[in-house]
Amino acid sequence: MTTQLPSLCELTRDELALWCQNHGEQPYRADQIRKWLFGKRVNDFNAMTDISAGLRQQLAHEFVIFSSEIATHQKSSDGTEKLLLRLRDGETTECVLMREDDRRTICISTQVGCGMGCVFCASGLLGLSRNLTTGEIVEEILRLDRLLPPLERITNVVVMGMGEPLANLPHLLKALATLDEKGGLGMSPRRITISTVGLPEKIRELSQVGKPYNLAISLHAPNDTLRSELVPVNRNIGIDAILAAADDFFQETGRRVTYEYVVLAERNDSAEQARELAQLLRGRNAHVNLIPMNSVSELPYHDPAAERLRTFVEILESSGVTTTVRKRKGADIDAACGQLRLRAASANVEPITTVSASSQNPA
Ligand code: SF4
């Protein structure tokens, strides 16, 4: 029978220090325990050798280290690795490790499925099941960290996997905070990017948390008519309200906002649409990240033609809008976010396969 003990990953540094105190230990023991969990990557309480046998026993009596298990592990020829984690209730979530030069970037999910319904996204096809807990989000990070060799560390986190991060903000913030607290991964919030479809009140809430996280807004269209077709939740929000919230975020934090734009062949990649986008962002401290569509067999959207993409970039840049095109990672594995989970849901993915996988969500 599966154990129902809580995962140690659910506890913040303060909560673990309190647990230690309640068990007659000094609070600093929490940092020792976290050093083993985060820094030394141990998966067994018995390996925590500078902690007394009694405390290790007590920990094992009350917690497990991970509540999830690796259901599928895919490896791409470009070094990208993707995990499908099976959660305790049988749900699954996806997370990705990408390697480029010195950077070790991970992309994590915040929900099981997604309720935003973007028409080009595999994650939205099955709808939203539930939010991930703080511990489940931390487990994604630690599982990916354990794929790296001993001297390598995660350098960047992008919260762009399954789900709308700002719809699960309390659990996400608690999970991210645990990374830069003493005994965590020692990661600056400046290296963490949170992506959203654009929930204005939540963007303002994020600007008030007092940490310099980066904000990425998934725009995908230069006007409300098209955006409401591609991102249905836009019907209740509208681009103007999102841009106003993004401007407030910039005013409050001084952090430049990135606008993500998944480029769909013949839908949002024309020269006219590039001019409209440039008009929208001109004068703002904004950066555009174009993401050529990662084709998913279940969806009728495709990569843009190279020539159209080039023209789109030229129009934005000649209007003074800095633009990058995201490199495709993991093209030889289940590339789009949500694709692996979708496949698992329809065909029972076998445990721990190692084939070739993929990277972030278009959003
Ligand atoms: S693109 Fe992002 S917000 Fe849209 S359905 Fe997919 S996961 Fe949700």
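The following exchange concerns three residues of a predicted model.

Biologist: Where does Arg143 lie?

Modeller: Arg143 is part of helix α4, which spans residues 134-145.

Biologist: Why is Arg143 said to have no salt bridge?

Modeller: The nearest side chain of opposite charge, that of Glu139, is 5.0 Å away from Arg143. A salt bridge requires a side-chain nitrogen of Lys or Arg within 4 Å of a carboxyl oxygen of Asp or Glu, so the criterion is not met. Arg143 is nevertheless buried.

Biologist: What makes the pair of Ser68 and Arg143 a polar contact?

Modeller: A polar atom of the Arg143 side chain lies 2.5 Å from the backbone oxygen of Ser68. The cut-off for a polar contact is 3.5 Å, so the pair falls within it.

Biologist: Which residues is Arg143 in contact with, leaving aside its neighbours within four places in sequence?

Modeller: They are Phe66, Ser68, Glu69, Ile70, Leu83 and Leu85.

Biologist: Why is Asp101 called exposed?

Modeller: Its relative accessible area is 70%. Exposed means over 50%, so Asp101 qualifies. Asp101 is placed in the loop between β3 (92-100) and β4 (103-107), and has a positive phi of about 50° although it is not a glycine.

Biologist: How do you know that His220 is buried?

Modeller: The relative accessible area of His220 is 0%. Buried means under 20%, and His220 therefore meets the definition. His220 belongs to the loop between β9 (214-218) and α7 (224-230).

Biologist: What is the phi of His220?

Modeller: The phi of His220 is near 70°, which is a positive value in a residue other than glycine.

How values were computed: Residues are numbered from 1 along each chain as its sequence is written. This is a predicted model: local features need pLDDT of at least 70, side-chain atom pairs count only at pLDDT 80 or more; totals for chains, interfaces and linings use all residues. Side-chain values use heavy atoms; hydrogens and water are left out. Helices (H or I, at least four residues) and strands (E, at least two) are DSSP runs, numbered from the N terminus. Buried means under 20% relative accessible area, exposed over 50%, partly exposed in between (1.4 Å probe, protein chains only). Lys and Arg count as positive and Asp and Glu as negative; His and the chain ends are not counted. A polar contact is a pair of N or O atoms within 3.5 Å; within protein, one must be able to donate a hydrogen and the other to accept it, and residues adjacent in sequence count only if both atoms are side-chain atoms. Contact means heavy atoms within 4.5 Å.
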